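The following remarks are offered as a colleague's note on the structure shown below. They are set out as numbered points for consideration alongside the coordinates.

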Amino acid sequence: MSVRSPEPGAGPLYWLAQAATLAVCAAVAWFWNAGGAPLAASAWRWFTALGAPSADARGWGQLLLRGVAALPKSAQADPLWAVQSLQLGIAAACLYAAVTLAHRVVGLWAALPTALLLAVWPAARHAIDAVSAESLLTLASLLAAHASVGWNSRPRASALLLGVGTALAALAHPLGVLWAPALALITLVLPVAQDPSEVDGSQPRPDMPVGDRFLAWLAAVAVAVGLVLLALRPGGLGPWGTSQFAALRHGGEPPDLGTLAALPMVGPLWVVIGQWPLVVVLLAVGTMTRGVAALRKTKLGGPAGVAAVGWVAISIARFPQTDHLDAAVVLAPMAAVMAGVGAGRRLRDLAWLGRRPAVGVWAAAAMLLLSADLWVQQKHDRRSLAARAAGLPVYVDSTQSARLGPDDIALLQLYPEPTAVLPARSGGADLATSLRHLLPRFGGRSFGAAHSARVALLPEPPRSPIDRALAEHGKKLACTQSGRRCAYRLAVAAPGP
């Protein structure tokens with residue numbers, strides 16, 4: 001039996017640093033969402049359950065319904081406000097978990113690049129700040145990754161983190177049927193860091209480390225199953241499982257994204273990677289490969305395996321994603337952590353070798369590549385520069401899910417006519433329709449396809465062929481305060497003789 005050693009720095013200064021980090025993350029989350037958290041299409045079932053409570057509510061939507069019912073009467077009158085306030089806490093937890101995970105693996109060298117990526121990369125930020133299934137899956141993955149790092153030093157805390165994370169993934173989205181069990185399995189079988197004196201360097205590969213953590217892992221599974229059963233009462237697992245598998249089987253018309261995207265398993269990942277900055281892809285893939293295929297036990301194995309779980313789930317699910325999940329967004333935060341760890345490791349190694357000029361040159365080159373990709377993505381086109389050069393699909397709007405911010409909702413309320421909400425993206429009609437019982441001025445409104453609408457909410461400037469065609473044949477009415485979305489009056493064909 002190995003001797004478990006506590007993690008270093010667990011004194012008063014350690015806890016003071018943790019409290020300060022959490023406070024900064026909470027402040028950043030509040031700054032992002034001070035005007036109200038955006039609403040994502042992947043959460044449309046939650047809003048439907050809140051607006052029209054019924055016995056059919058399942059998973060996280062049912063939990064939100066119970067939570068709102070427990071609030072004072074004044075807060076129950078505006079459940080959307082309650083959900084947006086809850087998202088501030090979820091966003092702060094995601095930021096804190098991501099930064100501290102990078103710090104546990106490499107240290108401050110990795111924590112700083114991770115925080116920078118989460119702040120400046122829109123895809124990673126969208127996974128954190130919006131009321132969405134993406135944010136819950138992100139938090140679940142980060143909790144599981146923390147558990148995988150702490151099996152030896154803090155088995156009880158790791159069991160609790162893994163149990164909560166697994167239950168959260170299962171309840172957040174139908175894809176959690178694949179995501180949650182894979183999270184639990186990968187944290188059981190991948191190596192974890194041990195004290196240097198405990199590592200046997202004479203063997204080419206370490207033995208499967210299941211025995212070192214099996215009891216704690218069983219406790220995590222028990223916690224996860226208990227939380228899921230508690231969340232699903234009184235209906236139980238049967239109706240919930242049926243609804244989850246039914247949603248997974250309900251596939252829409254696959255978008256035309258080119259020959260590469262149509263490849264089985266690899267195609268969806270190719271499309272996702274094409275929407276990420278090249279420097280993030282290179283650093284994240286390199287870090288994951290090192291963590292999963294390393295011949296010695298390091299802290300990187302578990303987090304790298306957890307990141308790979310998301311990629312596998314997305315590749316199996318294919319396009320279009322179930323319930324309007326945004327694949328490039330939901331995988332972005334873990335990719336930011338992996339890229340931050342890769343950058344931190346490189347910078348640390350160069351600094352320890354005394355090559356300080358090389359540190360500056362390497363950091364400047366990485367920032368230049370990142371800035372170039374982020375600059376081209378500011379125009380509503382998430383493709384990276386490398387993806388444009390490689391001949392990937394010209395338009396990836398169909399892989400993106402609709403998001404409505406407070407200014408978008410305010411603009412939509414001005415025109416009570418049949419409306420098409422971001423028709424080139426996934427889930428705009430479902431998202432707006434789910435809000436009809438929560439927003440008085442949405443009541444009785446009709447949201448659907450552009451061919452049956454009188455008004456359309458479009459990105460500004462419109463890029464995709466669908467958006468451009470509607471804008472060219474319509475009249476611009478007004479735009480949001482940010483200028484990123486505009487409402488257009490659509491041309492109506494004259495009636496026949």
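1. Arg-348 has a relative accessible area of 15%, and therefore counts as buried, since the cut-off for that class is under 20%. Its side chain meets that of Asp-349 in a salt bridge, with an N to O distance of 3.6 Å. Asp-349, in contrast to its partner, is partly exposed, at 33% relative accessibility. It should be borne in mind here and throughout that the model is a predicted one.

2. The structure holds 8 salt bridges, and some of them share partners: Arg-125, Asp-129 and Arg-403 are joined in this way into one network. Side chains of opposite charge can pair when their charged atoms come close. Asp-129 meets Arg-125 at 3.6 Å, N to O, and it meets Arg-403 at 3.5 Å, again N to O. The Asp-129 and Arg-403 pair links distant parts of the chain, with Asp-129 in helix H7 and Arg-403 in strand E2 (residues 403-404), 274 residues apart.

3. What separates Asp-129 and Arg-125 within helix H7? The two residues are 4 apart in that helix, which spans residues 122-129, and so about one helical turn lies between them. Their exposure also deserves comment: Asp-129 is buried, because its relative accessibility is 3%, while Arg-125 is partly exposed, because its value is 28%. In the bridge to strand E2, Asp-129 and Arg-403 are both buried.

4. One disulfide is counted. The bond is formed by Cys-479 and Cys-486, whose sulfur atoms are 1.9 Å apart. The link is right-handed, with 95° about the S-S bond. Is each of these cysteines buried or partly exposed? Cys-479 is partly exposed, since its relative accessibility is 35%, whereas Cys-486, at 0%, is buried. Two further cysteines may be noted for their burial: Cys-25 counts as buried at 7% relative accessibility, and Cys-94 counts as buried at 0%.

5. The surface includes a nonpolar patch of about 680 Å². Its residues are Leu-178, Leu-260, Leu-263, Met-265, Val-266, Trp-270, Val-312 and Ile-316. Which helices supply at least two residues each to the nonpolar patch? They are helix H13 (266-273) and helix H15 (301-317). Ile-316 lies in helix H15. This residue is partly exposed, because its relative accessible area is 43%, and that value is compatible with the patch criterion of over 30% relative accessible area.

6. Several backbone features merit inspection. Most residues other than glycine have a negative phi, and most peptide bonds are trans. The peptide bond from Glu-460 to Pro-461 is cis, with omega near 0°. Pro-461 is placed in the loop between strand E4 (455-459) and helix H22 (465-472).

7. Positive phi values are found at His-324 and Leu-422, neither of which is a glycine. For His-324, phi is near 60°, and the residue is located in the loop between H15 and helix H16 (327-330). His-324 counts as buried, because its relative accessibility is 17%. For Leu-422, phi is about 45°. Leu-422 is found in the loop between strand E3 (419-421) and helix H21 (428-434), and it counts as buried because its relative accessibility is 1%.

8. Some overall values place these details in context. The protein chain has 22 helices and 6 strands. Of its 497 residues, 51% count as buried. How much of the contact set joins residues at least 24 apart, among contacts between residues at least 6 apart in sequence? The proportion is 77%. The chain exposes about 22400 Å², and carbon and sulfur atoms supply 66% of that area.

How values were computed
Residues are numbered from 1 along each chain as its sequence is written. This is a predicted model: local features need pLDDT of at least 70, side-chain atom pairs count only at pLDDT 80 or more; totals for chains, interfaces and linings use all residues. Side-chain values use heavy atoms; hydrogens and water are left out. Patches are made of residues with over 30% relative accessible area and no salt bridge: like charges are joined within 9 Å, nonpolar side chains (Val, Leu, Ile, Met, Phe, Trp, Tyr) within 5 Å. Accessible areas come from the Shrake-Rupley method with a 1.4 Å probe; for residues, only the protein chains shown count as cover. A salt bridge is a side-chain nitrogen of Lys or Arg within 4 Å of a carboxyl oxygen of Asp or Glu. Buried means under 20% relative accessible area, exposed over 50%, partly exposed in between (1.4 Å probe, protein chains only). Contact means heavy atoms within 4.5 Å. A disulfide is a pair of cysteine sulfur atoms within 2.5 Å.
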